[in-house]
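Visitor: I am new to this structure. Please walk me through its helix contacts and its inner spaces.

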Amino acid sequence: MSAAVLGRLAGLLPDAGDWTAVRRSPRRDLLAGLTVAVVALPLALAFGVTSGLGAQAGLITAVVAGAVAAVFGGSNLQVSGPTGAMTVVLVPVVHRFGPTGVLAVGVLAGLVLIVLAVARLGRYVQYLPTPVIEGFTAGIAVVIALQQVPAALGVVDAHGEKVWAVAADAVVRFAAHPRPAAVLVAASVAALMLIGARWRPALPFSLLGVGAATVLAELVPVDLARIGTLPQGLPAPSLDFFDPGAVGALLPSALAVAALAALESLLSATVADGMTVGERHDPDRELFGQGLANLAAPVFGGIPATAAIARTAVNVRAGAASKLAALTHAVALAVIVLAAAPLVGRIPLAALAGVLLATTVRMVEVASLRALVRATRADAVVLVLTFAVTVIWDLVTAVAVGIAVAVVLALRAVARSAKLEQVPLEAGDHSAEEHALLAEHIVAYRLDGPLFFAAAHRFLLELSEVADVRVVILRMSRVSTMDATGARVLGDAIDRLRGRGITVLLSGITADHHQVLDALGVAEELRRAGLVFPDTPAAIRYARSLALAAPADGAGAAQADQHL
């Protein structure tokens, strides 16, 4: 490993300055951490069950990854653990590679995140289009809701290739053998969370709902599936699950998990910064912290983790000001694992399904979606497409498709901003007869905007339609950028005009554009003949001298081209 990489890794490690914020208000941080732990407990259990590795894996992730990311991450306010988006990606990995494959994917994803941090790629997440973010967030909400249908209906043997197929199979099985108790529990917990959040936002209604459902299930003889037995404590660390020979097969899934972890964590950190005054996260250190968290969690049997936007928001609103709050949340959950595992194992799965159903409703901001759809047609297309691909295929494909379509539509909009506009010539001190003669034989065009691959061919088409005149002046001072394709198309347009006997003058070429034209040899003959001018007035004076010198037969223009 080179000295530069080692130095970069050393720069990503925490230092004493990270904990100076703890001294501001440690009591508020401790209370905020306990508040987040109360909110996180049912979510960690539910996401663990939904991932396919069980409630224990969700709790381990919240404890181990939550603590490691809090210490090594780049945000003072971030809370990490299992998330709904991550479970959406993990479910097909469980089906294909089994539980050990998920653990290995977590380790590989952690290594990828550390590489991204060392390469300083965290800053590029800010370029992700808003319609893509909103589209996949809404799509994730729908996928998580569909995943809860079997548990909410009390069906344990639903099957299907896709999540919507499993949900449909669960509905069919429920219709054949209805179990109203599970439906009532799930609906009651979800309703309590949604209504309670409006009434008293500070109260943890998710925990109250799960607790009430558990007590009711113990007192009333109903048939409800439970979480099951949980070990009292964390398993011993082990790497027995890791098979180096399977790395090639697992790598695509690991890249998808790493991409999601980076995306969700950095978006969450940005949201947390926006909710406070003066807080700014370090994106590369956040990737490094998430990488270490994903290396550590699988070693204890936890699923891959990422920062959780909802839990981070609760942390900020509860008054957190330092990493102590997120660390307290992880320690509190560890205490629950050690002290209350038998009680946690009695929680009905339908109650956890109700928690996640309410969470999906709160994930979707209808007003924001409606505003984006109304903003522009391109934003609406990207949002709807990203949403649809997320639900039908998977999240990573949806983000890739959304970004690709957004880039194409943005290029199309930029290309349309490029204009080729005919501009009038000044009368100068010529007589009316001379001016009419000049207007007949000289035209000037102003090029506005970028002259690049997406706009160049439309420019060529428009310039080819120039009427027969003796001199064409191309004003280049407002060309904002020019690439190789634009320069070559400009050269082709000049050659076509000259082929029709028209003299072409260029004016106002900037130094950067001169470099592109020189490198490709475009307009080199014009430059040698003195037909490239620093400004438009000089080009117009030269054009007038040509037109007035031989107004009838075009000899002036021909004379100019003899120098070429």
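Guide: First, a term. A helix axis is a line fitted to C-alpha atoms over the stretch in contact, and an angle between two axes is taken between their N-to-C directions, from 0 to 180 degrees. Keep in mind that this is a predicted model.

Visitor: At roughly what angle do the axes of α18 and α19 cross?
Guide: Helix α19 covers residues 484-499. Its axis and that of α18 come within 8 Å. They cross at roughly 10°.

Visitor: How are α18 and α19 oriented to each other?
Guide: Angles under 35 degrees count as roughly parallel. The crossing here is roughly 10°. The two helices, α18 and α19, are therefore roughly parallel.

Visitor: Which residues of α19 make the contact with α18?
Guide: On the α18 side are F453, A456, H457, F459, L460, L463 and S464. By class, the contact holds nine nonpolar, four polar and two charged residues. The α19 side is made by T485, G486, V489, L490, D492, A493, R496 and L497.

Visitor: How are α15 and α16 oriented to each other?
Guide: Helix α15 spans residues 377-392, and helix α16 spans residues 395-417. Their axes come within 8 Å and cross at roughly 165°. Angles over 145 degrees count as roughly antiparallel. That makes the pair α15 and α16 roughly antiparallel.

Visitor: Is the crossing of α15 and α16 left-handed or right-handed?
Guide: The contact includes V381, L385 and V389 of α15. Among its residues from α16 are V401, V405 and L409. As α15 passes α16, the crossing is right-handed.

Visitor: How many charged residues are in the contact of α15 with α16?
Guide: Sort the contact by class. It has 11 nonpolar residues and four polar ones. Charged residues: no.

Visitor: How does α5 lie relative to α7?
Guide: Helix α5 is residues 130-153 and helix α7 is residues 180-199. They pack at about 130°, with axes 7 Å apart. That angle makes α5, relative to α7, oblique.

Visitor: Which residues of α7 meet α5?
Guide: From α5 come A151, A152 and L153. By class, the contact has six nonpolar, no polar and no charged residues. The partners in α7 are A182, V183 and A186.

Visitor: Now the inner spaces. What is the volume of the largest cavity?
Guide: The structure holds two cavities of 30 Å³ or more. The largest has a volume of about 110 Å³.

Visitor: Which element gives the largest share of the lining of the largest cavity?
Guide: Of the 13 lining residues, A418, K419, L420, D448 and F459 are the closest to the centre. The elements that give two or more residues are β3 (419-423), β4 (442-451) and α18 (453-464). The largest share is five residues, and it comes from β4.

Visitor: Which helices each supply at least two residues to the lining of the second largest cavity?
Guide: About 70 Å³ of space lies in this cavity. Its lining includes Q56, L59, I60, V337, A341 and V344. The helices are α3 (55-72) and α12 (323-344).

Visitor: How many charged residues are in the lining of each cavity?
Guide: The largest cavity has eight nonpolar, one polar and four charged lining residues. The second largest has eight nonpolar and two polar. So the charged counts are four for the largest cavity and no charged residues for the second largest.

Definitions and conventions
Residues numbered from 1 in each chain as written. Predicted model: local features only at pLDDT ≥ 70, side-chain atom pairs only at ≥ 80, totals over all residues. Heavy atoms only, no water. 1 Å grid on protein atoms, 1.4 Å probe; cavity = no way out; pocket = protein on both sides within 12 Å on 5 of 7 lines; lining within 4 Å. Points joined across faces, edges and corners; volume = space filled by probe spheres on them. Helix = DSSP H or I, 4+ residues; strand = E, 2+ residues; numbered from the N terminus. Nonpolar A, V, L, I, M, F, W, Y, C, P; charged D, E, K, R; others polar. Parallel < 35°, antiparallel > 145°, perpendicular 65-115°, else oblique. Left-handed = near helix turned anticlockwise from the far one by under 90°. Contact = heavy atoms within 4.5 Å.
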